[in-house]
Amino acid sequence: MSLPENNMAVESGLPNFQRYINGVPVPNGRKMLRLREKYIIMLVLLTFGTVCFGAFFFLPDLRDRVSMDGMRKHLRDAGNVIFFPHARIGPDGLPISDKAKILRHDEYNIDPHRIDDKVRLRGKIEAAWEQDKMDKASLVDPLPKGKVEKMEINNQVVPGDKLLDKKNDKLKELSNDKQKDDKTKKINNDDTGDVVKMEQQGDKSTADETGKRRETVLKMMRHSWDNYETYAWGANELRPISRHGHASIFGNIPLGATIVDAIDTLYIMGMKKEFEKAKDWIDKNLKFEGSSDLSVFETNIRFIGGLLSAYALSGEEMFKNKAKMIADKLMPAFNTPTGIPQSMVNVKTGSSRNWGWASGGCSILSEFGSLHLEYSYLSQITGDKIYMDKVMKIRNFIQNIEKPQGLYPNYLNPRTGKWCQTHVSMGALGDSFYEYLLKTWLLTGKTDKDARTMYDGAIQAMEDKMLQTSKDGLKYFAEYKSGRLEHKMDHLACFSGGMMALGANGSSNPTKYLHLGAEIARTCHESYDRSATKLGPEAFRFDDSTQAKATRQNEKYYILRPEVIETYFYMWRLTKEQKYRDWAWEAVQALEKWCRVESGYTGIRDVYQLNPNKDDVQQSFFLAETLKYLYLIFSEDSVIPLHKWVFNTEAHPLPIKS
Ligand code: DMJ
């Protein structure tokens with residue numbers, strides 16, 4: 001049987017490159033490529049070229065870091081984490097797999113300081129609690145219990161022994177006497193009958209208006225607190241719309257994060273009944289015994305900071321003991337060759353680790369750099385130097401290693417002691433490191449000169465490399481990424497206006513830094529003013545067509561953050577320009593309009609939309625920071641005076657060492 005003509009390959013048993021289409025042989029022998037084939041080849045070459053170009057210019061980490069030797073070290077240092085990555089935990093405390101979605105660092109509702117979600121986590125007021133009602137006047141010029149040598153109250157020097165012996169009565173008496181002299185006006189708080197001291201300065205109308213604004217903030221605090229108490233007592237945070245507890249960054253163990261974070265605000269606002277209830281809960285329930293990985297940074301700034309502040313304000317030993325108990329549980333994090341702590345500790349097992357996403361398991365600058373205030377104060381009040389030793393080891397290490405162009409990158413490997421990349425930020429991942437250098441200098445009564453020197457050097461480098469002026473004249477700190485700038489400023493970075501102003505005194509050029517603080521405040525105010533809700537986005541950008549506005553959907557949310565208001569607070573205290581009080585009042589009105597719900601306050605998903613969707617989370621820092629700074633803006637300077645107190649990064653005041 002003859003084979004069909006078109007089956008020559010089978011016939012000969014040899015390969016043949018004859019092609020057939022529908023059984024019909026396609027003639028061989030064509031020498032030229034068809035036009036379509038040429039286009040395909042060109043397209044392939046073009047794609048290849050684009051990928052190479054992109055890899056070189058847009059992946060600076062790779063360009064900087066990829067070498068066989070580097071790769072070998074990276075694999076060695078990563079240990080088994082690289083093969084068995086830890087489960088990542090979502091903001092509600094559930095493993096990400098349970099959420100059936102991927103959490104990204106900048107995803108909506110993720111605080112970059114909360115790590116994996118980013119994620120994402122600061123004399124006492126020796127005024128006594130009055131037996132029947134809280135007299136706000138007794139909050140004047142507070143000092144820490146047992147540490148007072150002498151105290152100046154309204155220009156009178158009072159010896160420490162007198163204060164200690166008759167502390168509350170004496171303070172109240174002195175304050176009240178002075179108030180009478182000054183014809184200080186008092187008004188009744190309609191909720192409780194508590195007495196709030198009015199302005200001593202300015203004309204009557206200013207005083208009245210400011211007093212009303214302060215009352216409004218007090219009512220906001222009551223609304224937040226009462227609803228937390230009603231619907232989420234003992235849980236970490238409140239879900240104000242669904243009306244139940246929210247696990248938060250601290251996972252499913254109910255640690256009462258809101259109670260501890262807010263307790264000093266309750267004290268400062270004179271909410272005595274609530275303070276006592278919070279104190280009782282902490283005394284009986286705050287144990288930190290569950291098995292959960294906790295962020296060392298967030299636990300420090302919110303829990304240890306909150307407890308230390310409550311101790312400094314009230315003198316109650318219980319707060320100090322609780323702070324020490326928690327700090328002791330975090331100790332395993334510091335067991336690294338460099339002393340740079342890891343990000344998380346399991347308080348039950350004592351195991352510690354870093355976030356997998358953090359540049360391959362590195363420690364984060366803003367986290368290990370934001371322990372110094374709390375740990376040094378804890379050593380001071382307990383007499384145990386172990387806490388101070390831990391933070392001094394971090395300090396010495398950072399001080400001695402090489403800084404690329406004077407800058408401090410966001411990630412550091414705690415095993416090798418090398419920077420993990422060269423991204424630098426005044427916002428997420430960097431921010432409070434700089435803040436703590438300055439504030440450590442202040443907390444030590446300006447004796448820790450190394451801290452000041454490091455602060456000045458870091459700020460100078462950031463000014464040189466990152467400080468920008470937009471087309472319409474707004475100053476902002478861009479993000480520095482391996483020599484290139486990303487023209488974006490985080491809401492978090494807006495704290496830097498206040499920091500610049502606070503650091504002006506003691507700098508080489510006080511006028512310049514006070515002015516820079518004012519400029520950053522203006523920029524951040526613009527980011528609020530340019531939105532429909534008059535609240536600011538999570539991050540805003542600058543380019544040819546955009547100035548101080550968010551351009552990406554996942555940067556348009558507002559989660560009750562404090563940083564812009566924090567800067568208004570410092571600018572008000574340091575300049576006394578009325579506009580800062582007015583800007584703060586704008587924020588109050590916007591919060592009332594868009595974030596207040598029947599059972600508390602919620603974040604919103606898009607500041608550029610009227611009637612925005614809500615995230616149903618009342619963050620604990622709203623009570624700890626946002627409301628506290630608002631209250632202080634509308635109070636006299638003698639309520640937490642800046643020459644006696646330093647706020648940690650969660651707005652928890654600690655007394656300056658005299
Ligand atoms: C707070 O927990 C602290 O202010 C921290 O330093 C940064 N992020 C939040 C509030 O936005």
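Okay, helix 14 and helix 16 first. Helix 14 covers residues 372-382 and helix 16 covers residues 431-443, and the two pack at an angle of about 25° with their axes 9 Å apart. Helices here are DSSP runs of H or I with at least four residues, strands are runs of E with at least two, and both are numbered from the N terminus. The axes are lines fitted to C-alpha atoms, for helices over the stretch in contact, and angles run from 0 to 180 degrees between N-to-C directions. So helix 14 and helix 16 are roughly parallel, a label for angles under 35 degrees (over 145 is roughly antiparallel, 65 to 115 roughly perpendicular, the rest oblique).

Quick note on what we're looking at: this is a predicted model, where local features need pLDDT of at least 70 and side-chain atom pairs count only at pLDDT 80 or more, while totals for chains, interfaces and linings use all residues. Residues are numbered from 1 along each chain as its sequence is written, and side-chain values use heavy atoms, leaving out hydrogens and water.

Which residues of helix 14 meet helix 16? They are His372, Leu373, Glu374 and Ser376, and they meet Tyr436, Lys439, Thr440 and Leu443 in helix 16; contact means heavy atoms within 4.5 Å.

Now the disulfides. A disulfide is a covalent bond between the sulfur atoms of two cysteines, and the cut-off here is sulfur atoms within 2.5 Å. The count comes to two. One joins Cys362 and Cys420, with the sulfur atoms 1.9 Å apart. The torsion about its S-S bond is about -95°, so the disulfide of Cys362 and Cys420 is left-handed. Cys362 sits in the loop between strand 11 and strand 12, and Cys420 in the loop between strand 13 and strand 14, so the pair ties together parts 58 residues apart in sequence.

Then there's Cys494 with Cys524, S to S 2.0 Å. That link is left-handed as well, with -90° about the S-S bond. Cys494 is in the loop between strand 19 and helix 18, while Cys524 is in helix 19, 30 residues apart.

Are Cys494 and Cys524 buried or exposed? Both are buried, meaning under 20% relative accessible area (exposed is over 50%, partly exposed in between, with a 1.4 Å probe and protein chains only). Cys362 and Cys420 are buried too.

Last bit: an open sheet of three strands, in the order 14-17-18, with antiparallel pairing. Strands pair if DSSP finds at least two bridges between them. Strand 14 and strand 18 are the edges, each pairing on one side only.
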